[in-house]
Amino acid sequence: MRSSKAVAYTSSPLLASRTPVWRSKFIVAGIALAFVTLAGRAAWVQVFGNDFYRKQGEVRFARTLELPANRGRIFDRNGLLLATSVPVPSIWAIPEDVERDRMKLQQLAKLLQVPQSELMKKLEEEDKNFVWLKRQVDEATARQIASLDIKGVYQRKEYRRQYPEGEAAAHVVGFTNVEDNGQEGIELAFNKELAGRTGSRRVIKDRLGRIVEDVGEQVPPAEGRDLQLSIDSKVQFFAWQKLRDAVVDNKAKAGSVVVLDVRTGEVLALANYPSYQPANRQNLTGAQLRNRALTDTFEPGSTMKPFIAALALEKGFVKPTTVIQTAPGRITITGSTITDAHPHGPLTVSEVIQKSSNVGTVKMAMQMEPHDMWEMFSQVGLGQRPQLPFPGAVSGKLRAYKTWKPIEQATMSYGYGLSASLFQLARAYSVFARDGELVPVTLLKTDAPAAGVRVLQPQTAQAVRQMLHLVTLNGGTAPRAQTMGYSVGGKTGTAHKQEGKGYADRKYRGFFVGVAPIDNPRIVVAVMIDEPSAGKYFGGDVAAPVFSATVQQTLRMLGVQPDMNVKPQIVVKAVEESF
């Protein structure tokens with residue numbers, strides 16, 4: 001029974017056949033070779049080729065994260081904020097992980113304010129691990145996007161600049177781009193100081209972008225430096241507001257105003273209209289963006305006449321009371337005739353400036369050498385770029401005196417044939433306000449009085465200042481420049497606008513540059529109105545009123561005591577200036 005139930009293994013044909021010895025040895029050798037290969041590969045990966053595979057791992061999962069530095073804030077001279085950074089959410093995605101829910105993606109595109117086709121294009125980018133959908137959205141939009149709960153769509157905190165003074169200070173402060181780099185104004189001029197230095201952090205991330213661990217040392221960021229400007233935001237806003245009103249009322253193309261503190265050289269206000277909102281630059285035009293006070297040059301017209309009078313006094317050619325015959329109201333130089341707006345007859349030097357006589361100015365200028373006039377213009381900063389770390393500031397045009405023809409010397413004496421910016425004119429007039437010294441200017445706050453460069457003798461500057469005062473009185477070209485409580489002095493200018501090689505018909509710039517108070521000046525204010533078209537275009541009509549209002553407000557804010565107890569005596573019609 002036992003033998004019948006036993007399995008007869010030897011009866012199987014497979015087991016009964018003899019297997020060649022080489023076959024079993026081959027199989028064993030193959031298995032051994034496989035183990036040796038695996039061991040060699042492991043040794044290569046773990047020991048000999050470790051650097052290569054470590055680098056490959058780092059390429060896939062290790063990341064160096066930038067630790068952004070907080071951008072410095074910008075303050076006005078009184079500590080009021082002009083620019084600061086606030087945290088805002090930005091929306092990004094991992095394209096290959098994004099949930100393709102049609103309804104949710106439609107809602108997402110609507111919240112991001114982009115066409116759905118554009119959103120889908122971003123989600124089909126070659127980089128499947130990261131794409132920005134929209135940067136710097138508002139908090140309400142970010143919350144709505146989060147509530148959609150779309151897989152693969154995430155949020156990250158970034159910083160966006162805010163500008164509390166808006167349009168009024170836009171051309172001074174400027175703005176940054178989405179990467180927080182300065183693009184215009186102070187933001188660009190001082191970008192390095194404001195931006196600081198970014199830090200870094202080396203990490204390992206998983207495929208969802210989550211940080212798994214830190215690798216190596218962390219380099220902390222160096223925070224950006226705060227800046228305190230010389231700008232007084234209240235003076236800035238008031239000057240901008242009055243400028244805006246003048247441009248609108250006179251149906252002008254644009255306008256600019258500059259306010260300088262002549263004791264310290266600080267720029268208290270620098271405004272332009274039209275302007276823009278630095279935090280919202282959609283549909284921004286070049287006309288809005290231009291900082292006209294620094295970038296636009298024009299022929300300064302009659303504002304050059306006081307410099308000719310000053311040079312004639314310095315050279316001893318005339319005194320303030322010297323009489324110059326301006327009749328019959330015209331003068332011919334090498335075949336070209338120069339005229340006054342109205343014939344005046346005999347005028348003293350002071351009256352030549354008060355009445356803005358071209359003929360009287362030319363007669364003084366033609367007693368001088370061209371080099372002397374050129375040197376005077378150069379010494380007050382014309383033909384030279386203002387020493388400001390500010391983008392776009394221009395030098396204007398002042399040709400070498402050796403190339404001047406007699407008629408050109410004559411026309412330059414009343415401001416034709418050279419060009420300057422409004423800022424250059426404002427600084428040039430600091431010579432009269434500082435008793436003959438040209439003051440260096442700054443956009444940063446400083447408490448120390450500025451050391452000026454001597455250009456004129458004190459008595460010459462004081463004499464010209466009295467001539468400027470006459471301009472604002474009855475019988476002068478700018479009685480509308482008179483200011484309640486303060487004595488003022490200045491010079492009007494009205495110039496034809498250049499177009500191509502000639503002058504445009506019925507297109508003018510009206511400007512006024514002046515100082516206040518007249519006996520002990522504290523400020524220089526320059527105003528320019530471009531292409532007024534409401535019927536008035538003389539500087540005394542369109543620019544002088546802005547000067548008057550700005551002077552009164554600025555001196556009051558600076559704590560300067562009024563030096564006049566009477567109201568200004570303003571006549572209805574000013575004397576028309578020659579130009």
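**Exercise 1.** In this predicted model, determine which residue forms a salt bridge with Glu531, and which parts of the chain the pair ties together.

*Solution.* Begin with the side chains: the partner of Glu531 is Lys497, and the closest N and O atoms of the two are 2.7 Å apart, which falls inside the cut-off of 4 Å for a salt bridge. Next, place each residue in the fold: Glu531 belongs to the loop between E23 and H22, whereas Lys497 belongs to strand E21, so the salt bridge ties together parts of the chain that are 34 residues apart in sequence. Then consider the surroundings, where both Glu531 and Lys497 turn out to be buried. Finally, look for shared partners: salt bridges connect Lys497, Arg509, Asp530 and Glu531 into one network.

**Exercise 2.** Describe the order of the strands in the open sheet that contains E21, and explain why E12 and E21 each have one side without a neighbour.

*Solution.* The sheet has five strands, which follow one another in the order E12-E11-E23-E22-E21 with antiparallel pairing. E12 and strand E21 (489-499) stand at the edges and have a single partner strand each, so one side of each is left without a neighbour in the sheet. From one strand to the next, the twist averages 10 degrees. Taking one pairing in detail, strand E22 (residues 502-516) and strand E23 (residues 523-530) run antiparallel and are joined by eight bridges, and Ala516 has Ile523 in E23 as its bridge partner. To complete the picture, add the helix H11, which lies across E11, E12 and E23 and runs at about 30 degrees to E12.

**Exercise 3.** Compare the salt bridges Arg161 with Glu187 and Arg480 with Asp541, and decide for each residue whether it is buried or partly exposed.

*Solution.* In the Arg161 and Glu187 pair the N to O distance is 2.9 Å, and the two residues come from distant parts of the chain, Arg161 from strand E5 (residues 153-162) and Glu187 from helix H9 (residues 185-189), 26 residues apart. Arg161 has a relative accessibility of 4% and therefore counts as buried, while Glu187, with a relative accessible area of 0%, is buried as well.

In the Arg480 and Asp541 pair the N to O distance is 3.8 Å. Arg480 lies in the loop between helix H21 (458-471) and E21, and Asp541 in helix H22 (residues 539-542), so this pair ties together parts that are 61 residues apart in sequence. Since the limit for buried is under 20%, Arg480 at 27% is partly exposed, and Asp541 at 23% is partly exposed too. Arg480 also appears among the residues touched by Ser548, together with Ala481, Gln482 and Thr483, when residues up to four places away in sequence are not counted. Ser548 itself lies in helix H23 (residues 544-557) and is buried, with a relative accessible area of 12%.

**Exercise 4.** Classify the ring pair formed by Phe307 and Tyr429, and then work out which charged ends sit over rings of the aromatic cluster that contains Trp92 and Trp132.

*Solution.* The ring centres of Phe307 and Tyr429 are 5.5 Å apart and the planes stand at 90 degrees, so the pair is edge-to-face. Because Phe307 lies in helix H14 (residues 305-315) and Tyr429 in the loop between helix H19 (422-428) and H20, the pair ties together parts that are 122 residues apart in sequence. Both Phe307 and Tyr429 are buried.

The cluster consists of Trp92, Phe130, Trp132 and Tyr154. Arg135 has its charged end over the ring of Trp132, 4.6 Å from the centre of that ring, and the charged end of Arg156 sits over the ring of Trp92, 5.7 Å from its centre.

**Exercise 5.** Locate the cis peptide bonds before Pro274 and Pro328 and the positive phi angles of Lys251 and Asp435.

*Solution.* The bond between Tyr273 and Pro274 is cis, with omega at about 5 degrees, and Pro274 lies in the loop between strand E12 (266-273) and helix H12 (286-289). The bond from Ala327 to Pro328 is also cis, with omega near 5 degrees, and Pro328 is placed in the loop between strand E14 (323-325) and strand E15 (330-333).

Turning to phi, Lys251 is not a glycine and yet has a positive value of about 50 degrees; this residue is in the loop between helix H11 (233-249) and strand E11 (254-261) and is exposed, at 57% relative accessible area. Asp435, likewise not a glycine, has a positive phi of about 55 degrees, lies in the loop between helix H20 (430-433) and strand E19 (437-438), and is partly exposed at 26%.

Technical notes: Residues are numbered from 1 along each chain as its sequence is written. This is a predicted model: local features need pLDDT of at least 70, side-chain atom pairs count only at pLDDT 80 or more; totals for chains, interfaces and linings use all residues. Side-chain values use heavy atoms; hydrogens and water are left out. Helices (H or I, at least four residues) and strands (E, at least two) are DSSP runs, numbered from the N terminus. Buried means under 20% relative accessible area, exposed over 50%, partly exposed in between (1.4 Å probe, protein chains only). Two strands pair if DSSP finds at least two bridges between them. Axes are lines fitted to C-alpha atoms, for helices over the stretch in contact, and angles run from 0 to 180 degrees between N-to-C directions. Contact means heavy atoms within 4.5 Å. Rings of Phe, Tyr and Trp (its six-membered ring) pair if their centres lie within 6.5 Å; planes under 30 degrees apart count as stacked, over 60 as edge-to-face and the rest as tilted. A charge sits over a ring if NZ of Lys or CZ of Arg is within 6 Å of the ring centre and within 35 degrees of the ring normal.
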